[in-house]
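Visitor: I'd like to learn how to read this fold piece by piece. Could you walk me through it?

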Amino acid sequence: MALPAAALRRYLLLLAQEHLEFRLPEIKSLLSLHGGQFSGEQEIRVNSPFWILNIPSEEMARGLMKRTVCAKSIFELWGHGRSVGELYASLKNYPVDKMLPYLQSDSTYKIHIHTFNKTLTQAQKIKKIDALEFLPFKGKVNLKKPEHIFWILEDYGMDPNNVPEEPFHLYFGRWIADGQRELIESYSVKKRHFIGNTSMDACLSFIMANHGRVKPNDVVYDPFVGTGGLLISSAHFGAYVCGTDIDYNTIHGLGKATRKNQKWRGPDENIRANLRQYGLEKYYLDALVSDSSRPIWRKGMLFDAIITDPPYGIREATRRTGSQKETVKTAERSTENHIFVSSSYHLSDIFFDLLKFAAEYLVMGGRLVYWLPIYRPEYTEEIIPRHPCLKLISNCEQMLSSHTSRRLITMEKVKEFKDQDQNSYLLDGQYMPYRGHNSFREKYFSGVTKRIAKEEKDNQK
């Protein structure tokens, strides 16, 4: 049940200026995870670093900031405007009874100034702070350990080559909490014990877990687990994690190392060691050598979230186990008894197998979060794979090159899986456009070849 507008409180969200398309789905997902609802009346300028949100309580605002990696800070908004005069008028209209608990004579405070796309001198900052003397501050200023921190935030637009003299928007509010941006550095792949060619960037890994609404005691599964990078972010949020992969050497931490100046992987380079590195080993269930195209799980709704990055055929091959006839031929050539034959696994089949698996094994309301590679000149929303049991929640693009990208797809299970849903996509008239995914590798490298040829031609001029 939605709260009446009067019951909602206004907060200002200060966002990081990276992965812009991913920010709104993350905030929406985290609000719903904490029992809130994103209002269609929010004052959102999608690319702006400043969003005004209506949130029912400060507790929910703090809960949001304990998870987000897209937002830097959140403030209880006391006033805002398009000019200094509008800001001051807004502050004078803010209810005094809401201000007073933070302005008492026995309290301490400080005022911080943040400007976007402009740098102010210390003298300019002091002048702006002094101009707020009309607010009923009774406490003492303490710059080192204040009880309450207030912020003036000014937005000078998005164009660094055309910075205006006066800000486009001004805000004033009480600081509530910071986001989890420090996780990006502390979980950096550069510092990770066990990595591979396609280990996921830490920031994107946490964004995926947030899009999937991962919460404590969930069971999260990655069917293309690789070195387990996506398991780490879910385990950080208290979920139990497991995965499968067709690559025996990766699961067991064997073979050649990915890290520069290291020839072979060490005996303790494995997924479990990665989770142990971050104190998360207790959340690790297991990782199995398995072909995602073949069923190995008992029937039933087993997973709260499925979060994965399927292979695109660029750095990692798209493979599945082959036929018995192929196995015999391979065995004659192979000297290692754990090597099995693999055959090509078309991208369209990978994604439909993934959706079908999610429809069957996710709990109701559980989410599937995965990356879909796209050849941009041919992209339309119709090529996003669908399933009758899954609802599309968000679709965000990350550029890979001028002609290719990958889209982070988030889907939610809204209908119980029935036997008739097993191959429902085959009856869909839209199935043929999905086949375009199968040639992604050729299209990707055709673009690379053209770029190299153009560079060589330019160099000869």
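Visitor: Let's start at the surface: how much area does the protein expose, and what share of it do carbon and sulfur atoms supply?

Guide: Keep in mind that this is a predicted model. The exposed area comes to about 23,200 Å², with 51% of it supplied by carbon and sulfur atoms.

Visitor: And what percentage of the residues count as buried?

Guide: Buried means under 20% relative accessible area. By that cut-off, 50% of the 461 residues are buried.

Visitor: How many helices and strands should I look for?

Guide: You'll find 14 helices and 16 strands. As for how the chain comes together, take the contacts between residues at least 6 apart in sequence: 75% of these join residues at least 24 apart.

Visitor: Pick a strand for me. Why is β6 described as largely enclosed by the rest of the structure?

Guide: Strand β6 covers residues 148-155, and 8 of its 8 residues are buried, so the rest of the structure largely encloses it. Check both faces: H148, F150, I152 and E154 are buried on one side, and I149, W151, L153 and D155 are buried on the other.

Visitor: Which strands pair with β6, and in which sense, parallel or antiparallel?

Guide: The general idea is that strands of a sheet pair through backbone hydrogen bonds, in either a parallel or an antiparallel way. Here, β4 (residues 108-116) runs parallel to β6, and 8 bridges join the two. To find your place in that pairing, look at Y109, which stands opposite H148 of β6. With β7 (residues 169-178), β6 pairs in the antiparallel sense over 6 bridges. A handy landmark there is E154, whose bridge partner in β7 is L170.

Visitor: Now the open sheet: in what order do its 7 strands come?

Guide: Read across the sheet, and the order is β10-β9-β8-β11-β14-β16-β15, with mixed pairing. At the edges sit β10 (284-289) and β15 (390-399), each of which pairs on one side only. On average, neighbouring strands of this sheet are turned by 15° against each other, ignoring direction.

Visitor: Where could I see a parallel pair in it?

Guide: Try β8 (residues 219-222) and β11 (residues 303-308), which pair in the parallel sense over 2 bridges. V220 has A305 in β11 as its bridge partner.

Visitor: Which strands does helix α1 lie across?

Guide: Helix α1 (residues 20-33) lies across β14 (362-375), β15 and β16 (404-413). Relative to β15, the helix runs at about 145°.

Methods
Residues are numbered from 1 along each chain as its sequence is written. This is a predicted model: local features need pLDDT of at least 70, side-chain atom pairs count only at pLDDT 80 or more; totals for chains, interfaces and linings use all residues. Side-chain values use heavy atoms; hydrogens and water are left out. Buried means under 20% relative accessible area, exposed over 50%, partly exposed in between (1.4 Å probe, protein chains only). Helices (H or I, at least four residues) and strands (E, at least two) are DSSP runs, numbered from the N terminus. Two strands pair if DSSP finds at least two bridges between them. Axes are lines fitted to C-alpha atoms, for helices over the stretch in contact, and angles run from 0 to 180 degrees between N-to-C directions. Contact means heavy atoms within 4.5 Å. Accessible areas come from the Shrake-Rupley method with a 1.4 Å probe; for residues, only the protein chains shown count as cover.
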